[in-house]
Amino acid sequence: MVRPMAERKPLIVGNWKMFHGGASGCELAVELRRSLADIDKVDLVVAPPFTALAAVAHELDGSRIQVAAQNTHFEASGAYTGEVSCQMLLESGCSWTLVGHSERRQHFSDTDESVGLKVKSALAAGLLPIACVGETLEQREAGTTLDVVHRQVDAIIDAIGESSAEPGLTTIAYEPIWAIGTGKVAGPEQAQEVHAAIRARLARDSTQLSEITRILYGGSVKPGNSASLMACTDIDGALVGGASLNAESFANIARSSG
Ligand code: PGA
């Protein structure tokens, strides 16, 4: 696969959502460690629930699989019952965090503004943010996909600009909401169109930022469709939900992405 300028190493992220806490999370980590041992052409990350982070990070210690949180708070500490800060995630063995997943935007009031604050806070703490964007089915049918995605991406670009972090540390994940957990994957051309638009938007800010930022696709990625998505010029990896809960299917997706 020819990639322009700076090499963007493929990145495959498993989002476990609210599955596999504690003991079963550790079991899955042990299986992943075994199944993914021979994969070195892609970066690998798993995002277990908060309660399993430290134990999973411990199981994966010394492997090539890194650990992400599924969310973070933007303040370093304070009276925020139920929330977890970037520093706390780092202490739990995380080096990445998802930010603004559509399920957080939809059910837990994440907004472009809070997503921007979380990206800034993660970068300041030394945690690598994977910021999610994507349109609903209604927005796609109304022809407003690119307007929606541009607005979401602009908030992320502003946050990167306001941070003093070097460019390229933030990953963007394009996840059309209608494709998440539905089995309806975006076709490679459909996905590539939005990925190219996101990269063009990044280029308005900085050519370097657009060349080195990894843009992942997410939404019903499976071993059977991952290779055709990953072959697209502007798709640099995948954010995988359901298919990341099984070590073999996650490994097959990773294998088809290198
Ligand atoms: P899915 O989820 O792969 O189960 O569609 C993707 C995600 O929500 O990150």
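## A tour from the cysteines to the helices

Select cysteine 94 to begin: its relative accessibility is 4%, so this residue counts as buried. The model on display is a predicted one.

**The cysteines.** With the cysteine sulfur atoms shown, the count of disulfides comes to zero. Cysteine 94 is accordingly in no disulfide, and the nearest cysteine sulfur, which belongs to cysteine 86, lies 9.9 Å away. A disulfide would require the two sulfur atoms to be within 2.5 Å. Move next to cysteine 232, which is likewise in no disulfide. Its nearest cysteine sulfur is that of cysteine 132, at 19 Å. Cysteine 232 counts as buried because its relative accessibility is 11%, where the cut-off is under 20%.

**The nonpolar cores.** Which residues have the most contacts inside the largest nonpolar core? Select Ile12, Leu32, Leu36, Ile198 and Tyr217 to display them; the core as a whole has 61 residues. Helix H7, spanning residues 145-162, gives the most to this core, with six residues. Apart from it lies another core, of 12 residues, which includes Leu98, Cys132, Leu216 and Leu239. In soluble globular proteins, nonpolar side chains tend to be buried together.

Now centre the view on leucine 36. Not counting residues up to four places away in sequence, leucine 36 touches Leu44, Ile65, Phe250, Ala251 and Ala254.

**A pair of packed helices.** Select helix H1 (residues 22-35) together with helix H11 (residues 247-255). Two packed helices are described by the angle between their axes and the distance between the axes. Here the angle is about 35°, and the axes of H1 and H11 are 9 Å apart. The crossing of these two helices is right-handed. On the H1 side, display Leu28, Glu31, Leu32 and Ser35; they meet Ala247, Glu248, Phe250, Ala251 and Arg255 of H11. Sorted by class, this contact has five nonpolar, three charged and one polar residue. Leu32, met earlier among the residues with the most contacts inside the largest core, thus also appears in the contact with H11.

**Two loops with positive phi.** From H1, step back to lysine 17, in the loop between strand S1 (11-15) and H1. Lysine 17 is not a glycine, yet it has a positive phi of about 50°. Then go to serine 220, in the loop between strand S7 (215-218) and helix H10 (223-230). The phi of serine 220 is near 60°, again a positive value in a residue other than glycine. Is serine 220 buried or exposed? At 10% relative accessibility, it counts as buried.

**Serine 85.** Select serine 85, which is found in the loop between strand S3 (65-69) and helix H3 (86-91). Serine 85 is buried, because its relative accessible area is 3%. Leaving aside residues up to four places away in sequence, it touches Thr72, His73, Glu75 and Ala76. For a distance check, pick the C-alpha atoms of serine 85 and proline 49: they are separated by 14 Å, and the residues are 36 apart along the chain.

**Aspartate 112.** The last stop is aspartate 112, in helix H5 (residues 112-125). This charged residue has 18% relative accessibility and therefore counts as buried. Which residues are in contact with aspartate 112, once its neighbours within four places in sequence are left aside? They are Arg105, Arg151, Gln152 and Ala155. Finally, the C-alpha atoms of aspartate 112 and glutamate 162 are separated by 15 Å, with the two residues 50 apart along the chain.

Definitions and conventions: Residues are numbered from 1 along each chain as its sequence is written. This is a predicted model: local features need pLDDT of at least 70, side-chain atom pairs count only at pLDDT 80 or more; totals for chains, interfaces and linings use all residues. Side-chain values use heavy atoms; hydrogens and water are left out. A nonpolar core is a set of buried Ala, Val, Leu, Ile, Met, Phe, Trp, Tyr and Cys residues joined through side-chain atoms within 4.5 Å. Buried means under 20% relative accessible area, exposed over 50%, partly exposed in between (1.4 Å probe, protein chains only). Helices (H or I, at least four residues) and strands (E, at least two) are DSSP runs, numbered from the N terminus. Contact means heavy atoms within 4.5 Å. Axes are lines fitted to C-alpha atoms, for helices over the stretch in contact, and angles run from 0 to 180 degrees between N-to-C directions. A crossing is left-handed if the near helix is turned anticlockwise from the far one by less than a right angle, and right-handed if clockwise.
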